[in-house]
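Student: I would like to learn how to read cavities, pockets and backbone exceptions in a structure. Could you take me through them slowly?

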Amino acid sequence: MPLALLGAADAQTLLPLDSRPATRVLPALIGGLRGDVLRVPDAALLGTAARGADPAALGAWLDAQPRTGPLIVSLDALAYGGLVQSRTSPLTAQEALARLEPLRTWTERTGQPVYAFVTLPREPDATDRARNLEVVRAVIGWAREGRLKELDVTWDDALPGSPAPQEGAALAQDAPANVRVYPGADEVLSMLTARALAPEAATVRVEYSDPDAAKQVMKYEGIPLTQSAANHAQGSGFQVVEGRADLTLYVFNGGDPRRAALRVSSLLRAGRVAVADVAQVNLGNPRFWSDLRTLRQHANLQALAAWGTPGNNLGTALAHAKLARGADPVRQDALLAREFANDVIYSSEVRAQLRRLIPEAQLNTPQAQEALMQLASGFFPLRVGDTYTLSGADLPWGRSFEWDFTLDQQP
């Protein structure tokens, strides 16, 4: 599916964190649910694990985009070349900020708002935390001056002992109202897209399959799951409420998967529901999703997510749900199908089979790509509302964590 569409009066520009499907393809599909035009760089222009984006080429691409809609941008992509490179780049703070200078003056030159995010790097990979912090403080200053309409400062994979939560707390103490500070990374562009393209007020009620466990601090974020849900709800443009709401976010965080599936079915009879499966990292619960599929309820969700960390899943589910109201029904069904294929079929079935068949070090080969297609094809056709077949699949980063794929919607 092409991500750059032509011919509309207004076009939003997305500059993703890197070339992964979760950070490049998914935000564009979420942003396009209501028919908005989004311009996204080709994957070849963006960073990978092995190489950062070419800042000159990325800057030239950005300069060539129409100035008729908001710019939604990862500052790490333009400053350092991507998320991986933000941890190890040898650039000084002054050199990184020089690459970001076009964004500092973007609104002044174009009249269009900038929605941006920047990350605090994870330990032990970060080699120059002081440099990253200096850059973050500078762009917070840009937001304070109104040069950035909104800025999210997030931290990535905060394992126990990481300084990022403390750094974030210190930054939040005197941050202006248009700056939000919380744990997150891969999901943030989707959330900013939801805020930019669906600014209308909406409420969400959050329900957990295991409420007591939701109060515990999570491994990758350094905060309780309940706080992460609140952060991601607010970051996607929702107000969290206790009673009746526009949306119920059902968070499967453990317990009996069959009971959870029945509960989701019951909630769907009362209103709009999105599901974030966070019981395991990077892995959807097969029994929970199998039961939902048997009940034919996966097709009725506003959004579903199970592909990454708890924060990844909360953020993408909520961003999708924010734009699902008023979505084109064909696009909405196609996105649900893609989410199910990625977050459930691939994460809980195909990835494990692929790893058993081929060593991780040999995945960046034609033989691995062929094996991926053969394994994945056995799970299709997939019926959501419509029926989908798999016409292509590959491992874009030559590893098993993520795949990219093409689904064909059957007439």
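Tutor: What follows is a reading of enclosed and open spaces, one buried charge and some backbone geometry in this predicted model.

Student: How many cavities of 30 Å³ or more are there?

Tutor: A cavity is a space where the probe fits but cannot get out. By this rule the count is 1 cavity of 30 Å³ or more, and the volume of the largest cavity is about 260 Å³. Its lining has 22 residues, of which Ala-22, Leu-26, Trp-307, Asn-342 and Asp-343 are the closest to the centre.

Student: Which elements give two or more residues to that lining, and what classes of residue does the lining have?

Tutor: H1, strand E11 (303-305), H13 and helix H14 (329-357) each give two or more, with H14 supplying the largest share, 8 residues. By class, the lining of the largest cavity comprises 12 nonpolar, 3 polar and 7 charged residues.

Student: What volume does the second largest pocket have?

Tutor: A pocket, by contrast, is an open set of points, and the second largest pocket has a volume of about 510 Å³. Among the 25 residues lining it, Arg-20, Arg-122, Asp-157, Asp-186 and Phe-401 are the closest to its centre. Helix H4 (83-88) and helix H13 (310-324) each supply at least two lining residues, the largest share, 3 residues, coming from H4. The lining of this pocket divides into 10 nonpolar, 5 polar and 10 charged residues.

Student: Where does the side chain of Arg-24 reach, and is Arg-24 buried or exposed?

Tutor: For a charged side chain, one looks for a partner of opposite charge, with a salt bridge requiring the relevant atoms to lie within 4 Å. Arg-24, in helix H1 (residues 21-31), is buried yet has no salt bridge, the nearest side chain of opposite charge, that of Asp-42, being 4.4 Å away. The side chain of Arg-24 does reach the backbone oxygen of Pro-41, at 2.7 Å.

Student: Which residues are joined by a cis peptide bond, and which have a positive phi although they are not glycine?

Tutor: Most residues other than glycine have a negative phi, and most peptide bonds are trans. Here a cis bond joins Glu-123 and Pro-124, with omega about 0°, and Pro-124 is in the loop between strand E4 (114-120) and helix H7 (129-144). Another cis bond joins Phe-380 and Pro-381, with omega about 10°; Pro-381 is in the loop between helix H15 (366-377) and strand E12 (382-383). Asn-282 has a positive phi of about 65°, and Arg-296 has one of about 60°. Asn-282 is placed in the loop between strand E10 (273-277) and helix H12 (286-294), whereas Arg-296 is in the loop between H12 and E11.

Notes. Residues are numbered from 1 along each chain as its sequence is written. This is a predicted model: local features need pLDDT of at least 70, side-chain atom pairs count only at pLDDT 80 or more; totals for chains, interfaces and linings use all residues. Side-chain values use heavy atoms; hydrogens and water are left out. On a 1 Å grid over the protein atoms alone, a cavity is a set of points where a 1.4 Å probe fits but cannot get out, and a pocket is an open set with protein on both sides within 12 Å along at least five of seven lines; lining residues have an atom within 4 Å of a point. Grid points are joined across faces, edges and corners, and a volume is the space filled by probe spheres set on the points. Helices (H or I, at least four residues) and strands (E, at least two) are DSSP runs, numbered from the N terminus. Ala, Val, Leu, Ile, Met, Phe, Trp, Tyr, Cys and Pro count as nonpolar, Asp, Glu, Lys and Arg as charged, and the others, Gly among them, as polar. Buried means under 20% relative accessible area, exposed over 50%, partly exposed in between (1.4 Å probe, protein chains only). Lys and Arg count as positive and Asp and Glu as negative; His and the chain ends are not counted. A polar contact is a pair of N or O atoms within 3.5 Å; within protein, one must be able to donate a hydrogen and the other to accept it, and residues adjacent in sequence count only if both atoms are side-chain atoms.
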